[in-house]
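Subject: Handover of a structure and the findings in it

Dear colleague,

Please find below the structure that I am handing over to you. The findings follow directly after it.

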Amino acid sequence: MLSSILLKKSARDANKKPVVENAKIATASARMLKTSVKKIMPFARLIKGLSFKDARLQSQFHETKVAKIFENLLKSAAATAENDKNIDSDSLYVKEIKVGKDKILKRIMPRGRGKTARILKHYSRLTVILESK
């Protein structure tokens with residue numbers, strides 16, 4: 001009986017991924033952004049893989065509301081890299097951008113003949129991962 005418990009425990013531990021902290025990665029995330037995933041994705045594809053300086057320039061001069069959010073996240077991730085992990089911002093590049101759904105607020109709008117229509121207000125979450133070259 002003891003051996004079966006040990007086997008179950010070791011099988012369970014084998015499925016877990018080892019937690020390894022990478023000192024060359026800095027992240028920043030934002031939640032409850034009042035925009036849909038569909039509007040965030042084109043800009044996310046644009047700056048993925050760029051160096052930190054190029055991505056920041058793109059976000060400064062791009063005309064969308066999403067670009068301002070990315071600019072703040074890039075600044076935050078770079079500050080984390082410099083202050084907490086002692087990484088120079090010149091060697092950083094955008095390794096990964098995760099975009100996902102957050103809450104959807106459901107509202108109604110009165111329509112003709114006593115009916116209602118649904119209005120869905122989409123929110124998003126966003127994570128930017130910078131890595132040293």
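Strand 2 and strand 3, the latter covering residues 116–132, pair in the antiparallel sense over 16 bridges. Two positions may help you to find this pairing in the model, which is a predicted one. Gly100 has Arg125 of strand 3 as its bridge partner, and Arg107 stands opposite Ile119 in strand 3. The hairpin formed by strand 2 and strand 3 has five residues between the strands, and Arg113 takes a positive phi near 60° there.

Lys115 also belongs to the loop between strand 2 and strand 3. Is Lys115 buried or exposed? With a relative accessibility of 53%, Lys115 counts as exposed, because the threshold for that class is over 50%. Leaving out residues up to four places away in sequence, Lys115 touches Met109 and Pro110.

The pairing just described is part of an open sheet of three strands in the order 1-3-2, with antiparallel pairing. Strand 1 (25–33) and strand 2 (92–110) are the edge strands, each pairing on one side only. On average, neighbouring strands of this sheet are turned by 10° against each other, direction ignored. Strand 1 and strand 3 pair in the antiparallel sense over seven bridges. In this part of the sheet, Thr27 has Ile129 of strand 3 as its bridge partner. As general background, strands of a sheet pair through backbone hydrogen bonds, either parallel or antiparallel.

For orientation in the chain as a whole, the secondary structure comes to four helices and three strands. From the N terminus on, the elements run α-β-α-α-α-β-β. The protein chain has 133 residues, of which buried residues make up 29%. Among the contacts in the chain with a separation of 6 or more, 71% are between residues 24 or more positions apart.

The helices may be taken up next, beginning with the one that meets the sheet. Helix 2 lies across strand 1, strand 2 and strand 3, and runs at about 170° to strand 2. The loop between strand 1 and helix 2 holds Ser36. Ser36 has a relative accessible area of 18% and is therefore buried, the limit being under 20%. Which residues does Ser36 contact, leaving aside its neighbours within four places in sequence? They are His122 and Ser124. In addition, the C-alpha atoms of Ser36 and Lys101 are separated by 7.6 Å, although these two residues are 65 residues apart along the chain.

Helix 2 (residues 37–47) also meets helix 3: their axes come within 10 Å and cross at roughly 145°. Helix 2 passes helix 3 in a right-handed crossing. Phe43, Leu46 and Ile47 of helix 2 make this contact with Ala55, Gln58 and Ser59 of helix 3. By class, the contact of helix 2 with helix 3 has four nonpolar, two polar and no charged residues.

Helix 3 (residues 52–61) and helix 4 (residues 65–83) have axes that come within 8 Å and cross at roughly 150°. Helix 3 is therefore roughly antiparallel to helix 4, as angles over 145 degrees count in this way. The crossing in which helix 3 passes helix 4 is left-handed. On the side of helix 3, the contact involves Phe52, Ala55, Arg56, Ser59 and Gln60. These residues meet Ala67, Lys68, Phe70, Glu71, Leu74, Lys75 and Ala78 in helix 4. By class, the contact of helix 3 with helix 4 has six nonpolar, two polar and four charged residues.

One residue of helix 3 deserves a separate remark, namely Ser59. Ser59 is among the residues of helix 3 in the contact with helix 2, and Ser59 is also among those that meet helix 4. How accessible is Ser59, and what does Ser59 touch? Its relative accessibility is 0%, so Ser59 counts as buried. Not counting residues up to four places away in sequence, Ser59 touches Phe43, Ala67, Phe70, Glu71 and Leu74.

With kind regards

Notes: Residues are numbered from 1 along each chain as its sequence is written. This is a predicted model: local features need pLDDT of at least 70, side-chain atom pairs count only at pLDDT 80 or more; totals for chains, interfaces and linings use all residues. Side-chain values use heavy atoms; hydrogens and water are left out. Axes are lines fitted to C-alpha atoms, for helices over the stretch in contact, and angles run from 0 to 180 degrees between N-to-C directions. Helices (H or I, at least four residues) and strands (E, at least two) are DSSP runs, numbered from the N terminus. Angles under 35 degrees count as roughly parallel, over 145 as roughly antiparallel, 65 to 115 as roughly perpendicular and the rest as oblique. A crossing is left-handed if the near helix is turned anticlockwise from the far one by less than a right angle, and right-handed if clockwise. Contact means heavy atoms within 4.5 Å. Ala, Val, Leu, Ile, Met, Phe, Trp, Tyr, Cys and Pro count as nonpolar, Asp, Glu, Lys and Arg as charged, and the others, Gly among them, as polar. Two strands pair if DSSP finds at least two bridges between them. Buried means under 20% relative accessible area, exposed over 50%, partly exposed in between (1.4 Å probe, protein chains only).
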